[in-house]
Amino acid sequence: QHGRVKVRTTAEQEALKRKERAEKLSRYRTSMSIIFNKRKDKIYDEELMMVTQRMVLQNPDIYTLWNIRREAFISNNWDENLLKEFYQNELTLTENCLKQNPKSYWVWYQRIWIMNHLVDCDWKKELMLCTKCLNLDDRNFHCWNYREFVVQKAGISPEEEFQFATSKILNNFSNYSSWHYRSQLLSKIFYNSDQNRINEKKKEELDLVMNATFTDPSDSSAWFYQRWLLDTHGCLTTLSQALIKDNSVILFVNKNIPAESIFLQINNKDEDVQWKSWQETKISKLWFGKVKKQLDEIKAVEIKIDEISYPLLCVNQKWVYRKRKYESYSNEDQLLEQLSSYKQLVEMEPNNKWAYLTAILLMRKINFIKYYKNILIYLNVLVNIDSLRTNYYKDLLHCWNYREFVVQKAGISPEEEFQFATSKILNNFSNYSSWHYRSQLLSKIFYNSDQNRINEKKKEELDLVMNATFTDPSDSSAWFYQRWLLDTHGCLTTLSQALIKDNSVILFVNKNIPAESIFLQINNKDEDVQWKSWQETKISKLWFGKVKKQLDEIKAVEIKIDEISYPLLCVNQKWVYRKRKYESYSNEDQLLEQLSSYKQLVEMEPNNKWAYLTAILLMRKINFIKYYKNILIYLNVLVNIDSLRTNYYKDLPYHIMASSNRRFQIGSAWFQTKINLRPQRRGIHHVTEEILRRIPELCEFSVGLCHIQTSLALNENWDPDVRDDVEMMLNKIIPEGLAYRHSCEGPDDMPAHIKACFLGSSLSIPITDGKLTLGTWQGIWLCEHRNDAGSRKIAITLTGCLRDPARSPLSLVSPIASTSS
């Protein structure tokens with residue numbers, strides 16, 4: 001394998017090898033024992049460094065040893081000269097390890113760590129090391145990553161490094177790492193280039209790619225790079241938009257970031273800003289702040305996130321930043337020339353999937369409608385020559401559905417197109433694509449409909465489905481469409497979220513709307529609000545405003561957009577709106593009529609699984625508790641007539657019960673145990689994981705309650721500072737040293753009793769689907785009030801309904817029977 005000839009070994013050689021391996025293992029265990037004992041005792045001496053050095057030279061991939069060596073560098077108080085000598089020795093060590101394994105991630109990471117701590121770095125030497133390693137193996141992506149780090153630290157321009165990447169590609173067109181590195185460099189070059197320069201550079205790159213693809217058509221490296229070139233690329237920056245106006249700052253970023261990673265400079269000086277997120281979370285994409293300087297005092301503004309600076313521009317008395325996008329490559333003459341060349345390659349290499357795929361992408365980019373038939377022909381060829389990706393090519397055909405594309409371009413209404421879908425279905429009830437297309441159109445029609453209109457439309461559709469299912473009961477198309485109709489669908493309303501707090505109003509809508517279409521009513525009276533958009537555009541999805549009334553004067557709030565009213569609710573001294581959902585279809589008379597019909601179908605077609613399943617869904621929707629026994633009977637029939645899905649039908653009752661709005665369950669169980677928590681020092685400790693590890697029985701419960709008894713609290717588990725602050729406040733409120741009468745067990749004993757009274761001695765936490773129902777940042781605290789406490793014994797009681805009583809090791813028990821015995 002990999003060019004190495006396998007040589008047979010004799011029994012004597014095998015025995016010798018086994019002996020060598022046993023000796024190596026013995027030395028390894030002895031050395032690791034020395035290392036871990038010294039680490040435990042925090043002895044980072046010369047012996048530790050020598051033993052770890054010997055070990056990493058033998059096996060550089062034991063990352064724990066590198067971690068210990070870094071601990072030694074941090075823990076020892078070496079003087080500056082000695083530390084520098086040790087750093088240089090560490091560089092020599094990593095270099096020797098790389099000779100043994102040039103692709104060891106941990107060695108490259110150790111080298112990065114050393115270079116970050118070394119004061120005088122020889123970056124030229126590091127570049128030479130990278131070049132040497134890449135000459136040995138130009139597919140070493142660990143080395144490419146290290147080279148990127150070195151280039152950044154050495155201040156080498158992307159243009160200069162781009163030449164190096166070119167030389168590696170010309171040396172070997174199959175070097176995927178070089179092509180990938182080249183795309184990253186090109187993105188940086190594009191960042192400071194205008195569109196003309198970008199297009200010129202892409203033209204040069206496409207010519208290089210064509211040379212590579214014709215040289216080795218079967219290699220995927222250049223083909224992927226070409227696809228990247230032809231796509232539309234957004235500028236890959238963290239900051240998306242920013243606005244500074246009236247001393248207020250608003251930032252919108254492309255990923256969740258903490259406030260600590262945002263730095264604002266005004267007039268080349270750092271500005272102290274108290275950042276607040278959209279929903280006061282610790283990480284967010286939307287941040288707000290205030291600046292102290294007036295707008296007329298500001299001459300320059302720069303925002304720094306993740307070591308990247310974003311200069312803002314002054315436009316109409318405000319400072320703004322907008323993320324720009326590169327246009328997709330649109331030199332049609334060159335694209336046609338490339339298409340002609342790849343058509344020739346298709347003739348020369350009739351089984352080369354990359355040539356066909358690239359020709360398809362080029363035709364789609366030049367003129368999708370003109371080349372539509374050619375695209376279909378090429379996709380059908382790909383289905384035959386690349387059988388492993390048959391479904392992918394079929395999905396492409398579905399994604400580029402021609403009719404949907406034309407309807408969208410022609411501006412045909414969903415209602416009008418809905419009639420066309422109806423005609424196709426009436427012509428052939430087994431047309432799955434028509435049913436799927438119909439569901440998409442119905443979602444668009446629902447968008448502008450109230451709940452009554454939605455229910456009327458669903459009633460019509462259910463009648464059509466019944467006609468289809470009775471005509472051909474064995475076809476699944478209409479059955480799936482019926483299930484979609486009966487499910488709950490999210491209401492595609494214009495307003496998504498709204499918040500009124502401290503006289504400020506924030507609205508987020510699902511489409512761009514003008515300010516004139518927003519009306520706010522407070523206490524049933526129209527409120528005059530001066531709406532301002534996110535970037536002061538005439539239409540926007542994000543709107544801000546101010547109300548004159550104080551929160552305690554507000555009794556009712558309603559927002560009206562596009563003739564639809566959205567009532568707000570008062571929650572925790574703020575008024576909020578959350579996007580509602582359509583109610584599931586609930587015309588009980590029609591559902592009962594449908595159930596009666598499908599029961600008849602069950603009698604007519606006793607082996608039709610779809611009729612049984614639909615009857616089960618209807619019974620569940622009408623009255624789950626009333627029809628529970630009938631549901632179990634029908635499920636048992638399904639187990640017998642559809643053996644391929646036996647386990648699905650056995651699991652279905654528990655999924656139905658778990659998703660029931662009433663959380664209705666059959667049978668309950670009780671479980672109790674006592675566990676000892678490990679001794680803790682005085683203070684507040686996060687013990688959620690320790691408790692969960694000791695009660696594996698929790699996963700058996702579908703819904704229930706977990707009751708824990710000892711001095712516990714339920715609070716934030718993310719930031720340990722919260723626990724320290726609570727401990728500080730408890731000690732301040734209930735100090736030691738007062739004239740307590742009960743003091744025989746020490747000065748900390750009586751305060752501990754009082755603290756336990758404050759915090760309580762038990763917790764009750766809901767159970768949902770085998771897990772404790774905790775908030776996003778919640779965790780269980782053990783509150784240890786004594787200075788010298790031992791292990792704490794806690795009693796845990798689980799009660800509720802089991803996920804699967806038949807399979808669970810826990811038995812169903814009546815709590816009444818158990819307490820009276």
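Is aspartate 749 buried or exposed? Aspartate 749 counts as buried, because its relative accessibility is 3%, under the 20% cut-off. Keep in mind as you read that this is a predicted model. The tour below starts with the salt bridges, moves on to the enclosed and open spaces, and ends at the surface.

**Salt bridges**

- Across the whole structure, a search turns up 25 salt bridges.
- Aspartate 749 pairs with arginine 786 in one of these salt bridges, and their closest N and O atoms are 3.0 Å apart.
- That pair links distant parts of the chain, 37 residues apart: aspartate 749 sits in helix H27 (residues 749–759), while arginine 786 sits in the loop between strand E27 (778–784) and strand E28 (792–802).
- Salt bridges that share partners also bring Lys38, Asp45 and Glu47 together in one network.
- Aspartate 386 meets lysine 353 through their side chains in another salt bridge, at 3.8 Å from N to O.
- Here too, distant parts of the chain are linked: lysine 353 belongs to helix H13, and aspartate 386 to the loop between helix H14 (372–385) and helix H15 (390–399), with their positions 33 residues apart in the numbering.
- Aspartate 386 has a relative accessible area of 8%, so it is classed as buried.
- Glutamate 727 and arginine 682 form a salt bridge as well, with the closest N and O atoms 3.7 Å apart.
- Because glutamate 727 lies in helix H26 (residues 720–733) and arginine 682 in the loop between strand E21 (669–677) and strand E22 (683–686), this salt bridge ties together parts that are 45 residues apart in sequence.
- Glutamate 727 is buried too, since its relative accessible area is 11%.

**Enclosed cavities**

- Rolling a probe the size of a water molecule over the atoms shows where empty space is left.
- The count comes to 3 cavities of 30 Å³ or more.
- The largest cavity holds about 60 Å³ of space.
- Two elements each give two or more residues to the lining of the largest cavity, namely helix H20 (477–486) and helix H22 (609–623).
- The residues around the largest cavity are Trp479, Phe480, Gln482, Arg483, Leu486, Trp610, Leu613, Thr614 and Leu617.
- H20 supplies the largest share of that lining, with 5 residues.
- By residue type, the lining of the largest cavity splits into 6 nonpolar, 2 polar and 1 charged.
- The second largest cavity holds about 40 Å³ of space.
- For the second largest cavity, the elements giving two or more lining residues are helix H11 (221–230) and helix H13 (353–367).
- Its lining consists of Trp223, Gln226, Arg227, Trp354, Leu357, Thr358 and Leu361.
- The largest share of the lining of the second largest cavity, 4 residues, belongs to H13, the helix that also carries lysine 353 of the salt bridge with aspartate 386.
- The lining of the second largest cavity has 4 nonpolar, 2 polar and 1 charged residues.

**The largest pocket**

- The largest pocket has a volume of about 1400 Å³.
- A set of 39 residues lines this pocket, and those nearest its centre are Phe288, Lys501, Ser504, Ile506 and Phe544.
- The lining of the largest pocket divides into 14 nonpolar, 11 polar and 14 charged residues.

**At the surface**

- Tyr63, Tyr105, Trp106 and Tyr109 make up a nonpolar patch on the surface, and together they have about 400 Å² of accessible area.
- Helix H5 (residues 105–117) provides the largest share of this patch, 3 residues.
- Tryptophan 106 is placed in helix H5, and it counts as partly exposed because its relative accessibility is 30%.
- Glycine 737 is found in the loop between H26 and H27.
- With a relative accessible area of 72%, glycine 737 is exposed, because the cut-off for that class is over 50%.
- Glycine 737 and proline 751 are 14 residues apart along the chain, and 9.2 Å separates their C-alpha atoms.

Note on methods:
Residues numbered from 1 in each chain as written. Predicted model: local features only at pLDDT ≥ 70, side-chain atom pairs only at ≥ 80, totals over all residues. Heavy atoms only, no water. 1 Å grid on protein atoms, 1.4 Å probe; cavity = no way out; pocket = protein on both sides within 12 Å on 5 of 7 lines; lining within 4 Å. Points joined across faces, edges and corners; volume = space filled by probe spheres on them. Nonpolar A, V, L, I, M, F, W, Y, C, P; charged D, E, K, R; others polar. Patch = residues over 30% accessible without salt bridge, like charges linked within 9 Å, V, L, I, M, F, W, Y side chains within 5 Å. Areas by Shrake-Rupley, 256 points an atom, 1.4 Å probe, with all protein chains shown as cover. Salt bridge = Lys/Arg side-chain N within 4 Å of Asp/Glu carboxyl O. Buried < 20%, exposed > 50% of the residue type's maximum accessible area, 1.4 Å probe, protein only.
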